[in-house]
Number of protein chains: 2
Amino acid sequence: MPITLTSAALPVFKTALANLAHCLSKAEANAHMRQFNPDVFVGLRLAPDMLPFASQVRIACDAAKNGTARVSGLAAPKFADDETTLAQLQERIAKTLAWLDTVPADAFDGREEQDITFPVGKEATRTMKGEAYLKHWAIPNVYFHVTTAYALLRHNGVDLGKADYLAGAQALA
Amino acid sequence: MPITLTSAALPVFKTALANLAHCLSKAEANAHMRQFNPDVFVGLRLAPDMLPFASQVRIACDAAKNGTARVSGLAAPKFADDETTLAQLQERIAKTLAWLDTVPADAFDGREEQDITFPVGKEATRTMKGEAYLKHWAIPNVYFHVTTAYALLRHNGVDLGKADYLAGAQALA
């Protein structure tokens, strides 16, 4: 079967977030092993003027969710950005994945050339065609925040390897 | 025009690497501004058991180059992994981009279901279909190393924002 715009993006969002959830599970187990509260991870930053771990997870979720909503025209649920625990961040990922699972397998198809206008920063917007937006904005945005979350955990001693990011729970096999 | 397997992946590789080159340029300018040798960046790590900055750049290049070669069947150039300066890493990216520019715009098409076998770690291999390999391995692998390189620079005080990663030199506009 030839690739479609939906098949190029929707499974990618789901896999990236499922693998992020897997990395959070390993972080929780690691905190228990090292005998500290796993929720400490939630506020960690790689630099004082970078967003904390919680925001990396939230934005990874929202980049996938809002990217999907914008191209498909479907309404996406909104979440409160009030997570303070690793368990709540896991819930955020799970809710995002549950919504992505409701999106039809052809939701983006035929929208390759459609103008997508989206916020950039707090005041500006940017407009890209549907295909370019998914390929060059939404997907790299998801990977940026998933990888930054991974880097934060790894920097702080969690026993992750790239296979956890690429293959998630299948990395265990 | 509908999306194709090549259009879903080849421009993504090129944009990610061009934006990485842009981040390296900003790192060099930042080092000059802060009056230290920009080549210090080459050896930095986010954790003692993570690969250094040079490897992040090399693997980002190779994931794009080797992913392209494996799916297209084209022979890719090999590079020596001996860069010790930021300028040499820029050259690595430039050589990779120059080779990617020679790849035909339909090089992956029709290879969606073709088995791609590739090394995983030092001894194992893994086999995936062409489409799944590009979507779930080669592309996320490139973003992983580009983002890790970005995170390393950002962690060490380089004035980067996400727009530099997403839009490269166009972030300046």
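## How the two copies relate

Chain A falls onto chain B after a rotation of 180 degrees with 0.0 Å of shift along the axis, and the RMSD of that superposition is 0.0 Å. That is the relation of a two-fold axis. Do keep in mind as you read on that this is a predicted model.

Which surface do the copies use to meet? Of the interface residues of chain A, 100% are also interface residues in chain B, so the copies meet through the same surface.

## The fold of chain A

Let's take chain A by itself. Five helices and two strands make up its secondary structure, and along the sequence they come in the order α-α-α-β-β-α-α. The two strands therefore follow one another in the pattern, with three helices before them and two after.

Among the helices are H1, covering residues 5-33, and H2, covering 53-72. Helix H3 spans 86-100.

## Size and packing

How does the radius of gyration of chain A fit with that of a compact globule? For 173 residues, such a globule would be near 16 Å, and chain A has 16 Å, so the two agree. Along the principal axes, the C-alpha atoms fill a box of roughly 50 × 40 × 25 Å.

Of the 173 residues in chain A, 54% count as buried. Among contacts with a sequence separation of 6 or more, 68% join residues that are 24 or more positions apart.

## Surface and charge

The accessible surface of chain A comes to about 7,400 Å². Carbon and sulfur atoms account for 54% of that area.

As for charge, chain A carries 17 positive and 18 negative side chains. The centres of these two sets lie 3 Å apart.

## Two loop residues with positive phi

Two backbone angles may catch your eye if you look through the loops. A:Gln35 is a residue other than glycine, yet its phi is positive, near 60 degrees. A:Gln35 sits in the loop between helix H1 and helix H2 of chain A. Is A:Gln35 buried or exposed? Its relative accessibility is 74%, and because the cut-off for exposed is over 50%, A:Gln35 counts as exposed.

The other residue is A:Asp81, found in the loop between H2 and helix H3. A:Asp81 is not a glycine either, and its phi is positive at about 55 degrees. With a relative accessible area of 41%, A:Asp81 is partly exposed.

Technical notes. Residues are numbered from 1 along each chain as its sequence is written. Chains are lettered from A and ligands numbered from 1 in the order in which they are written. This is a predicted model: local features need pLDDT of at least 70, side-chain atom pairs count only at pLDDT 80 or more; totals for chains, interfaces and linings use all residues. Side-chain values use heavy atoms; hydrogens and water are left out. Helices (H or I, at least four residues) and strands (E, at least two) are DSSP runs, numbered from the N terminus. The radius of gyration is taken over C-alpha atoms; the globule rule is 2.2 Å times the number of residues to the power 0.38. Buried means under 20% relative accessible area, exposed over 50%, partly exposed in between (1.4 Å probe, protein chains only). Contact means heavy atoms within 4.5 Å. Accessible areas come from the Shrake-Rupley method with a 1.4 Å probe; for residues, only the protein chains shown count as cover. Lys and Arg count as positive and Asp and Glu as negative; His and the chain ends are not counted. The place of a charge is taken as NZ of Lys, CZ of Arg, CG of Asp or CD of Glu. Copies are superposed by least squares on the C-alpha atoms of residues with pLDDT of at least 70 in both.
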